[in-house]
There are 2 protein chains.
Amino acid sequence: MKVSDLGERRLLERIRARLPKPPGHVVVGIGDDAAVVEVARNTRVVVTTDALVEGVHFDRAFSTPADIGHKALAVNLSDLAAMGATPVWALLSLALPDGTAVEDVEALVDGLVGLANANSVALVGGNLTSSHNQIVVDVTAGGTVHPRRVLLRDGGRAGDLLFTSGTIGAAAAGLEMIKAGLPPSPANEQCFSKYRRPDARVRLGRALSATRAARAAMDSSDGLADAVRQLAEASGCGAEIDASQLPIDDGARRWWVSQGVDPVDRSLVGGDDYELVIAVPPKWRGRLRQVTRRVSDPSLRCVGVLTRTANEYVVVRDGRRERLTGGFEHW
Amino acid sequence: MKVSDLGERRLLERIRARLPKPPGHVVVGIGDDAAVVEVARNTRVVVTTDALVEGVHFDRAFSTPADIGHKALAVNLSDLAAMGATPVWALLSLALPDGTAVEDVEALVDGLVGLANANSVALVGGNLTSSHNQIVVDVTAGGTVHPRRVLLRDGGRAGDLLFTSGTIGAAAAGLEMIKAGLPPSPANEQCFSKYRRPDARVRLGRALSATRAARAAMDSSDGLADAVRQLAEASGCGAEIDASQLPIDDGARRWWVSQGVDPVDRSLVGGDDYELVIAVPPKWRGRLRQVTRRVSDPSLRCVGVLTRTANEYVVVRDGRRERLTGGFEHW
């Protein structure tokens, strides 16, 4: 059977099924945003890897080399943020076709290092190799986390409120605008930059971890609907989203309305948001206020709740309950 | 300018020149076999990444998927061994064309996990993505090292003896035999397996670190000549190799003689050895005996000496001094 017939999630499950039970010092293994390993007593490191492949994750017609370098690190820092970790180091593995311009490689490194510096992350090493016709940018990032303050996906319980940081849909709309050849303008700049140079919510993740304000967390790299489903599934819950509360990016909303597309449907499934989605018990809202006092940007918006009915994912819209779809698979 | 015009080493130098000075907790940054980061007081982690690209590092006609998975981890464990580190975890990032057989992915994972288990390494996570037409297997490995016992490339001094572990040339000869369609036999099995499933010298690296028997170390992934040059260059020395002492693999020697190729020349530049090359002051030979008592396989052979004349690399052969060439660049 081909991987394209099986699908990404089922391939991942097949791989997981072949692994031995991890030893005790692997605190979190495969299945969360990142892995957590206890390397010494009371010292836990968090590690994650994510690749950007030309023609799959980026197109050089739509992003500059510096954008690509920035994003390759951002998607990894986002995974660390979703664990409540403090990022420390990164490794860059580049596969480059022979004809790649040296200036483009330098610009890619500059884009990555710019974001690294802004987050006090050191690029400590990597690997260079040739490839046939696609650039592959594989970044690994590592950090540290307080032993008792790791944010996991599976900690949610029925009744927990679901929050997302920032806005949703901007990156998905931005890619559509770029493909449509829209010129940059103040109205769409936010969408362009969310697609090309996403932020990673590192400060927010650290504040959530430090205050223990969230019972579960993951990042919305494949869109809000996907993150809500995965967090709920890992927590053995269902989820209900209130469509009226979705913080849909203004530029994205205008774009979709102009295209005759429903902004709610589209923003829920749009990927590349890299916001944090968290589950918070109602009585912990005081702790959450501590977080928003520390980190005012991005804001947090309550968009739904975890429910008792496992595997039931609902979006409530004008009083109607609809099935929540969404999620992205490479195959 | 294209990367293929510039060359790998110069591209790496251009990249390094763009990085800021690393912070104090980055004990070893870019330029050694792996990076060392102090994540807590007296706790240092060692991290490295290395990719195998289809058509560049492997050909599915010459290696099974399990071989590829094994080797993808081995090349990373070899880098950790060359730092004196104890490997702990690995991440696997796979880029797979749509038509890749699921069974091949499973076999690749099995090959990797087999070697991981043998070295008490846990596969803690990774990433799956699609690619156009090449499989890319990118592995990151991490471990721990005693703060004062890291093995670096640049610690050598003139007069230090140069040792290599194991034999040289078997992997390079093995690839030639496989390409020539030679059937497996007891005489060439060692060459086949050294190419397809190299060992990583993890126990030896740990023993060298624990006894402080080596002043400098690196692995010979690009051949003995390359390792000797790089270690000598990093240490500000020259190097002299004694051709009569080279532990050329028996099967490789017979193969090259049968092909009319000089075994000394060829084994010095042949890549994929993944042995450890170390510099040891003559008066530390007692410590080295402690190492060989702990780790009898692979054996260590003295093949040369570091000299005072920086950038002069010599191989002495039947009394003649020849220039030592060798080293591999992707472009």
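# Close-up views of a two-chain predicted model

**Figure 1. Chain A is held together by contacts between distant parts of its sequence.** Take the contacts in chain A between residues at least 6 apart in sequence: 83% of them join residues at least 24 apart. The model shown here, and in every view below, is predicted. Chain A has 11 helices and 13 strands. Its radius of gyration is 19 Å, close to the 20 Å that the globule rule gives for 331 residues, so chain A is as compact as a globular protein of that length. The C-alpha trace of chain A spans about 55 × 55 × 50 Å along its principal axes. Of its 331 residues, 58% count as buried.

**Figure 2. The surface and charges of chain A.** About 12900 Å² of chain A is exposed. Carbon and sulfur atoms supply 45% of that area. Chain A carries 40 positive and 40 negative charges. The mean positions of the two sets lie 10 Å apart.

**Figure 3. Chain A and chain B superpose after a turn of 180°.** The RMSD of this fit is 0.0 Å, and the shift along the axis is 0.0 Å. The two copies are therefore related as by a two-fold rotation axis. Both copies use the same surface: 100% of the contact residues of chain A recur in chain B.

**Figure 4. A cis peptide bond joins Asp297 and Pro298 in chain A and in chain B.** Most peptide bonds are trans. Between Asp297(A) and Pro298(A), however, the bond is cis, with omega about 5°. Pro298(A) sits in the loop between α11 (285-294) and β11 (300-307) of chain A. In chain B, the bond from Asp297(B) to Pro298(B) is cis, with omega near 5°. Pro298(B) lies in the loop between α11 (285-294) and β11 (300-307) of chain B.

**Figure 5. Two loop residues of chain A, Asn42(A) and Ser120(A), have a positive phi.** Most residues other than glycine have a negative phi. Asn42(A) has a phi near 65°. Its place is the loop between β2 (35-40) and β3 (43-53) of chain A. For Ser120(A), phi is about 55°. Ser120(A) is in the loop between α4 (102-118) and β5 (122-131) of chain A. Is Ser120(A) buried or exposed? With 58% relative accessibility, above the 50% cut-off, Ser120(A) counts as exposed.

**Figure 6. Ser165(A) is a buried residue in strand β7 of chain A.** The strand covers residues 161-165. The relative accessible area of Ser165(A) is 0%, so it counts as buried. Which residues does Ser165(A) touch, not counting those up to four places away in sequence? They are Arg201(A), Leu204(A), Glu275(A), Leu276(A), Pro298(A), Ser299(A) and Leu300(A). Pro298(A), one of these, follows the cis bond from Asp297(A). His330(A) is 165 residues from Ser165(A) in sequence. Their C-alpha atoms are 25 Å apart in space.

**Figure 7. Helix α7 of chain B is largely enclosed by the rest of the structure.** The helix covers residues 202-211. Why is α7(B) described as largely enclosed? Seven of its 10 residues are buried. These are Val202(B), Leu204(B), Gly205(B), Ala207(B), Leu208(B), Ser209(B) and Thr211(B). They pack against α3 (65-81), β4 (86-97), β7 (161-165), β10 (276-280), α11 and β11 of chain B. Arg212(B) follows the helix, and its phi is positive, near 50°.

**Figure 8. Asp104(B) is a partly exposed residue in helix α4 of chain B.** The helix covers residues 102-118. The relative accessible area of Asp104(B) is 24%. Leaving aside neighbours within four places in sequence, Asp104(B) is in contact with Arg60(B) and Pro65(B). Ala66(B) is 38 residues from Asp104(B) along the chain. The C-alpha atoms of Asp104(B) and Ala66(B) are separated by 7.9 Å.

**Figure 9. Glu322(B) is a partly exposed residue in strand β13 of chain B.** The strand covers residues 320-323. Glu322(B) has a relative accessible area of 24%. Apart from neighbours within four places in sequence, Glu322(B) is in contact with Tyr313(B), Val314(B), Val315(B) and Arg317(B). Arg153(B) is 169 residues from Glu322(B) in sequence, and their C-alpha atoms are 24 Å apart in space.

Key
Residues are numbered from 1 along each chain as its sequence is written. Chains are lettered from A and ligands numbered from 1 in the order in which they are written. This is a predicted model: local features need pLDDT of at least 70, side-chain atom pairs count only at pLDDT 80 or more; totals for chains, interfaces and linings use all residues. Side-chain values use heavy atoms; hydrogens and water are left out. Helices (H or I, at least four residues) and strands (E, at least two) are DSSP runs, numbered from the N terminus. Buried means under 20% relative accessible area, exposed over 50%, partly exposed in between (1.4 Å probe, protein chains only). The radius of gyration is taken over C-alpha atoms; the globule rule is 2.2 Å times the number of residues to the power 0.38. Contact means heavy atoms within 4.5 Å. Accessible areas come from the Shrake-Rupley method with a 1.4 Å probe; for residues, only the protein chains shown count as cover. Lys and Arg count as positive and Asp and Glu as negative; His and the chain ends are not counted. The place of a charge is taken as NZ of Lys, CZ of Arg, CG of Asp or CD of Glu. Copies are superposed by least squares on the C-alpha atoms of residues with pLDDT of at least 70 in both.
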